[in-house]
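This briefing describes one protein chain for a reader at the bench. Please consult the sequence and the structure shown below while reading the points that follow.

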Amino acid sequence: MSLEVCAALPAISATAAGYDAYVAVDASGTFSQTKREAGLLRMQQAGVIVSDYATLMVEALADNASPEAGPCYAALDMPFAVLVGQISAAYQA
């Protein structure tokens with residue numbers, strides 16, 4: 001599938017319908033750099049928020065004290081996941 005079909009069209013449609021649309025660009029792609037750049041530009045012009053999956057997942061936490069922080073970072077294979085888990089556990093104690 002392509003960036004256009006998997007991400008751009010649904011995200012642009014959602015934005016046009018009044019929703020905030022986020023696209024993780026590393027979760028979809030294309031074999032053409034030109035098509036990738038055009039798709040990203042179209043989404044940005046339509047007001048779609050373009051980022052990467054790890055950043056979007058971390059931002060969804062909203063707070064590193066969240067009980068889900070440690071498992072989220074671990075699932076993203078981030079090297080500081082253990083530290084975040086320890087901090088989260090300390091806040092819950």
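**Helix H2 and the overall picture**

The 14 residues of H2 should span 20 Å at 1.5 Å a residue, and the end C-alpha atoms of H2 are 20 Å apart, which agrees. The model is a predicted one. The chain contains 5 helices and 2 strands, and along the sequence they follow the pattern α-β-α-β-α-α-α.

**The chain as a whole**

- Of the 93 residues in the chain, 31% are buried.
- The accessible surface of the chain amounts to about 6,000 Å², and carbon and sulfur atoms contribute 60% of that surface.
- Among contacts in the chain with a separation of 6 or more, 54% join residues 24 or more positions apart.

**Faces of helix H2**

- The buried residues in H2 are Gly39, Leu40 and Met43.
- These residues cover an arc of only 95° around the axis, which puts them on the same side of H2.
- On the face of H2 turned away from its buried side are the exposed residues Thr34 and Gln45.
- Gly47, just after H2, adopts a positive phi of about 95°.

**The nonpolar cores**

- The largest nonpolar core comprises 10 residues, namely Ala7, Ala8, Ala11, Ile12, Ala21, Val23, Val25, Leu40, Met43 and Val48.
- Two or more residues of this core come from each of helix H1 (3–16) and helix H2 (33–46).
- H1 makes the greatest contribution to this core, with 4 residues.
- There is also a second, separate core of 7 residues, which includes Ala69, Cys72, Tyr73 and Leu76.
- Leu40 and Met43 thus appear both among the buried residues of H2 and in the largest nonpolar core.

**Helix H3 and its surroundings**

- Helix H3 occupies residues 53–61, and its buried residues are Ala54, Leu56 and Leu61.
- Seen down the axis of H3, these buried residues fall within an arc of 165°, so they line one face of the helix.
- Exposed residues Glu59 and Ala60 are carried on the face of H3 turned away from its buried side.
- The packing partners of the buried residues of H3 are strand S1 (22–24), strand S2 (49–51) and helix H4 (69–75).
- Just after H3, a positive phi of about 70° is found at Ala62.

**Two buried polar residues: Thr15 and Ser51**

- Thr15 is part of helix H1.
- The relative accessibility of Thr15 is 18%, so Thr15 counts as buried, the cut-off being under 20%.
- Not counting residues up to four places away in sequence, Thr15 touches Ala21, Ala46, Gly47 and Val48.
- Of these contacts of Thr15, Ala21 and Val48 also belong to the largest nonpolar core.
- Gly47, another contact of Thr15, is the residue with a positive phi just after H2.
- Ser51 is part of strand S2.
- Ser51 has a relative accessibility of 16% and therefore counts as buried.
- Leaving aside neighbours within four places in sequence, Ser51 is in contact with Val23, Ala24, Val25 and Leu56.
- Among these contacts of Ser51, Val23 and Val25 are members of the largest nonpolar core, whereas Leu56 is one of the buried residues of H3.

Methods. Residues numbered from 1 in each chain as written. Predicted model: local features only at pLDDT ≥ 70, side-chain atom pairs only at ≥ 80, totals over all residues. Heavy atoms only, no water. Core = buried A, V, L, I, M, F, W, Y, C linked by side-chain atoms within 4.5 Å. Buried < 20%, exposed > 50% of the residue type's maximum accessible area, 1.4 Å probe, protein only. Arc of directions from axis to C-beta. Contact = heavy atoms within 4.5 Å. Areas by Shrake-Rupley, 256 points an atom, 1.4 Å probe, with all protein chains shown as cover. Expected span 1.5 Å × (residues − 1).
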